[in-house]
Amino acid sequence: MKNLTIKPVAAMAFALVLLGTGHAQTTPAAQPQLTPEHFAQLDRDGSGGISRAEYEQFMRESFQKLDTDGNKRLSQTEASTVLTPEQFAAVDKNKDGQIALDEFLDHVMRDFDRYDYDKDGVLQP
Ligand SMILES: [Ca+2]
Ligand SMILES: [Ca+2]
Ligand SMILES: [Ca+2]
């Protein structure tokens, strides 16, 4: 086992910002730190782990919060609090300059799978 780092969860940048604890405005590329408090907010049912469903639900809500004009797409401006231009380009698969919900979920759920080391569908603290 080499990977002993405690969850450098990239997508958690979204979470931290939307939980109001991040400082992504000034340091969007900074490695987010998932504290027990953040974890507890994502773990809706208090099971001690973050399931795919809990994660997806949170990310859907996050998307809606970021989408300030409600057009179901994130512009660079709307996403600027959580994504660097490079990250935005990576999520914007079809390169139309907007992040649609499916592009967003595709990206964050891939992160979920990446950090779910034991592949049991749940992120443990
Ligand atoms: Ca849970
Ligand atoms: Ca929008
Ligand atoms: Ca797009």
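Which backbone nitrogen does the side chain of Asp43 reach? In this predicted model, where local features need pLDDT of at least 70, side-chain atom pairs count only at pLDDT 80 or more and totals for chains, interfaces and linings use all residues, the partner is the backbone nitrogen of Ser47, at 3.1 Å. Residues are numbered from 1 along each chain as its sequence is written, chains are lettered from A and ligands numbered from 1 in the order in which they are written, and side-chain values use heavy atoms, with hydrogens and water left out.

Asp43 sits in the loop between α2 (36–42) and β1 (50–51). Asp43 is buried (under 20% relative accessible area, 1.4 Å probe, protein chains only). Even so, Asp43 has no salt bridge (a side-chain nitrogen of Lys or Arg within 4 Å of a carboxyl oxygen of Asp or Glu); Arg44, the nearest side chain of opposite charge, is 8.5 Å away.

Let's move on to the calcium ion (ligand 3). Its protein donors (N, O and S atoms within 3.2 Å for Ca) are Asp92 (OD), Asn94 (OD1), Asp96 (OD), Gln98 (O) and, twice, Glu103 (OE), at 2.2 to 2.5 Å. Along the chain, these donors follow the spacing D-x1-N-x1-D-x1-Q-x4-E. The arrangement is irregular because the six donor atoms subtend angles of 53 to 156°, whereas octahedral would need opposite donors over 155 degrees apart and all others between 65 and 115. Water is not among the atoms, so sites may look incomplete.

Finally, the record: UniProt, in an unreviewed entry, lists residues 39–65 and 88–114 for "domain: EF-hand". Residues 88–114 are 67% helix and 7% strand, with end C-alpha atoms 19 Å apart.

Conventions
Donors = N, O, S within 2.8 Å, 3.2 Å for Na, K, Ca; no water. Tetrahedral: all angles 85-135°; square planar, octahedral: opposite > 155°, others 65-115°. UniProt positions renumbered as here; feature names shortened; annotations may be inferred. Helix = DSSP H or I, 4+ residues; strand = E, 2+ residues; numbered from the N terminus. Buried < 20%, exposed > 50% of the residue type's maximum accessible area, 1.4 Å probe, protein only. Lys, Arg positive; Asp, Glu negative; His and termini not counted. Polar contact = N/O pair within 3.5 Å; in protein donor to acceptor, adjacent residues only side chain to side chain.
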